[in-house]
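New to this one? Take a look at the model first, and then we'll walk through a couple of spots in it.

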Amino acid sequence: MTEAPSGPPGTAVRCPVCCLPAGTGDACGDCGWMLRTPWSLGATDRADFESRLGAARLAVDLRAAARLGGDWRDRAALLRGVPDDAAWAAARDAVRVEHRPAGPVLADGLARLPHGEPLAVIEVTADGVTARLVDERAQAGEPVRSRRWTELLPMLSADPGEREFQLAGGTRGMDRSAVEPELAAALATWAAPLPPARAAICRLPGLPLPELAAGLLADETAAEPGDLAAQLDEVAAVLPIRTGYGLLVAHIGPAPEQVTPALSEMLAAGSHRGDAATLTVYRAPGTSPPTTLAVCTVESPPRLVAAWRATLPTGPVAVRAELDGPARVRLTGPTGLAPEPRELDGILDGLPTWFRPPPPRLELVCLLELNGPAAAVAGRRELLDGLLGVLAEETGDRVETAVIGYADHYVRGRTNLDVVHGTGLKPPADTRTALARLPAPVEPYDRAAAPLEDALALLAAQDPSSTAPRILLVVAGRHPHPVGTDRGGRGPTACPGHIDASAALARAPAGHRVAVLDTVPDGEPAAIWRALGEHGLLGLADTTPRNLAVVLGLLPASPIPFSVPLAHPL
């Protein structure tokens with residue numbers, strides 16, 4: 001049977017099925033509908049023609065409905081006819097679409113990015129087109145441009161349901177010959193401000209208009225539903241880092257006392273997810289505020305990747321970083337990490353420009369009077385225990401300490417020559433333990449004098465174990481015994497060992513001397529107290545452990561705001 005012609009032979013006609021100009025051929029180049037045949041008269045031929053034309057038109061509409069999913073009855077008002085089950089099944093079979101995953105397209109686009117340039121990722125959705133800029137770390141910013149479908153193609157219906165049907169290939173209300181050129185022109189203008197590196201993702205796979213738009217926007221396209229952030233996370237998991245990642249640290253030098261920030265590389269360029277590294281750093285002495293552990297890119301200028309705060313212990317600290325992808329770093333050590341809110345400039349502002357390092361090793365010898373009024377005895381021990389605690393926390397192994405306690409020569413009418421108790425130089429934490437083991441106070445005690453001279457003599461008799469500077473601290477309440485008794489018998493009892501406290505002090509090596517007395521005398525202190533308190537004569541009630549450490553020269557007067565750790569021990 002022959003077809004009735006849809007126009008004079010040899011002229012361009014519009015296909016009655018798909019509405020596209022079909023050129024001069026006998027059949028439509030898009031849907032295959034036969035456009036031109038010799039005329040053949042007869043009612044039967046005409047009816048058959050109309051039947052087949054209606055079926056072809058319905059098939060086009062059914063394919064559009066099938067692309068949208070659901071049941072054809074959901075869009076019955078938009079169909080040019082009512083299908084049977086076979087027609088609907090055929091339409092569903094005809095539009096099965098394979099998704100093109102976004103991950104490989106994103107990964108390839110990011111891998112080919114020039115350093116520092118962004119990738120424009122354009123998502124084509126049911127609403128329109130949206131562009132975000134993604135950096136080489138696979139991190140996307142907020143949308144920079146967007147445009148609705150009705151702004152791109154005003155011929156599209158304002159009704160969301162009908163417009164969705166048109167996106168899926170429905171021809172109702174469409175001038176199909178104008179769709180592609182108008183869409184191409186509109187997208188070219190809209191996308192002009194975007195960077196040249198682009199990737200387009202059609203979030204409606206298989207829908208002709210969104211697929212067309214994606215192809216017009218970028219050479220690299222994907223067709224896959226999903227969330228861009230989640231897809232970028234997956235891409236980041238396999239992307240190597242382009243620049244190394246390092247920990248921001250401080251160096252003392254090269255000029256004396258100069259503080260210089262630097263980056264100690266932990267993860268080299270090319271590292272992948274799962275790579276890890278450990279770096280040893282040190283807390284600056286005398287610092288109480290938390291230290292910032294900032295991971296930055298090893299480039300000029302560096303970029304902050306992530307930062308945390310932690311109160312570091314003294315001594316070496318192991319910082320362990322694990323890579324989860326570009327700009328995705330976790331610190332698994334040390335413990336006690338909290339987010340650092342400051343940006344890189346703010347972190348660097350917290351670093352001093354100079355710092356006078358303390359001696360690498362100091363010795364502190366503490367002479368402690370063990371007896372006396374109960375409140376004073378407890379206060380002395382509490383002060384010394386607190387001092388050792390502060391030093392253990394703040395100075396670590398830089399300061400070695402010793403405690404020498406002295407009791408009383410004369411107890412209950414008996415003379416005691418073995419009055420000195422103590423240990424050698426140890427770390428502050430160990431000396432703190434030794435302090436707790438010193439003999440408990442006894443009653444009665446000599447209220448006029450205590451054998452401080454014996455403790456000084458013991459100290460003077462010791463051979464210095466090193467050339468480290470030594471600091472002498474005396475925590476006492478009573479004068480030392482004199483060498484001899486006053487002729488009138490009114491003064492303190494003489495030292496049974498005939499030790500001269502001043503002479504013993506002169507022989508005791510100490511470049512810095514501080515004394516803490518139960519009560520600082522009014523007026524001019526005695527010569528022995530002036531000598532023992534040459535660099536500080538303090539009252540017990542007015543002295544705190546940290547203030548005492550400052551007077552001893554072991555800690556700075558105020559915390560030094562070292563925002564980042566030291567790269568090396570002092």
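Here's a quick tour of one arginine and one strand.

Keep in mind that this is a predicted model. The two stops are Arg-137, which sits in a loop, and strand S15, which covers residues 399-406.

**Arg-137 and its surroundings**

- You'll find Arg-137 in the loop that links strand S2 (128-134) with strand S3 (145-148).
- Arg-137 counts as buried because its relative accessibility is 17%, and the cut-off for buried is under 20%.
- Its side chain makes a polar contact with the side chain of Asp-135, at 2.8 Å.
- Leaving out residues up to four places away in sequence, Arg-137 touches Tyr-245, Arg-303, Leu-304, Pro-326, Ala-327 and Arg-328.

**How enclosed S15 is**

- Eight of the eight residues in S15 are buried, so the strand is largely enclosed by the rest of the structure.
- Both faces are covered: one side has Val-399, Thr-401, Val-403 and Gly-405, all buried.
- On the other side, Glu-400, Ala-402, Ile-404 and Tyr-406 are all buried too.

**Who S15 pairs with**

- Strand S14 (residues 362-369) runs parallel to S15, and eight bridges join the two.
- Strand S18 (residues 420-422) runs antiparallel to S15, joined by three bridges.
- Tyr-406 shows up in both pairings: it stands opposite Glu-369 of S14, and its bridge partner in S18 is Val-420.
- Helix H10 (residues 374-394) joins S14 and S15 in making a right-handed β-α-β unit.

Terms used:
Residues are numbered from 1 along each chain as its sequence is written. This is a predicted model: local features need pLDDT of at least 70, side-chain atom pairs count only at pLDDT 80 or more; totals for chains, interfaces and linings use all residues. Side-chain values use heavy atoms; hydrogens and water are left out. Helices (H or I, at least four residues) and strands (E, at least two) are DSSP runs, numbered from the N terminus. Buried means under 20% relative accessible area, exposed over 50%, partly exposed in between (1.4 Å probe, protein chains only). A polar contact is a pair of N or O atoms within 3.5 Å; within protein, one must be able to donate a hydrogen and the other to accept it, and residues adjacent in sequence count only if both atoms are side-chain atoms. Contact means heavy atoms within 4.5 Å. Two strands pair if DSSP finds at least two bridges between them. A crossover is right-handed if, with the strands pointing away from the viewer, the path from the first strand over the helix to the second runs clockwise.
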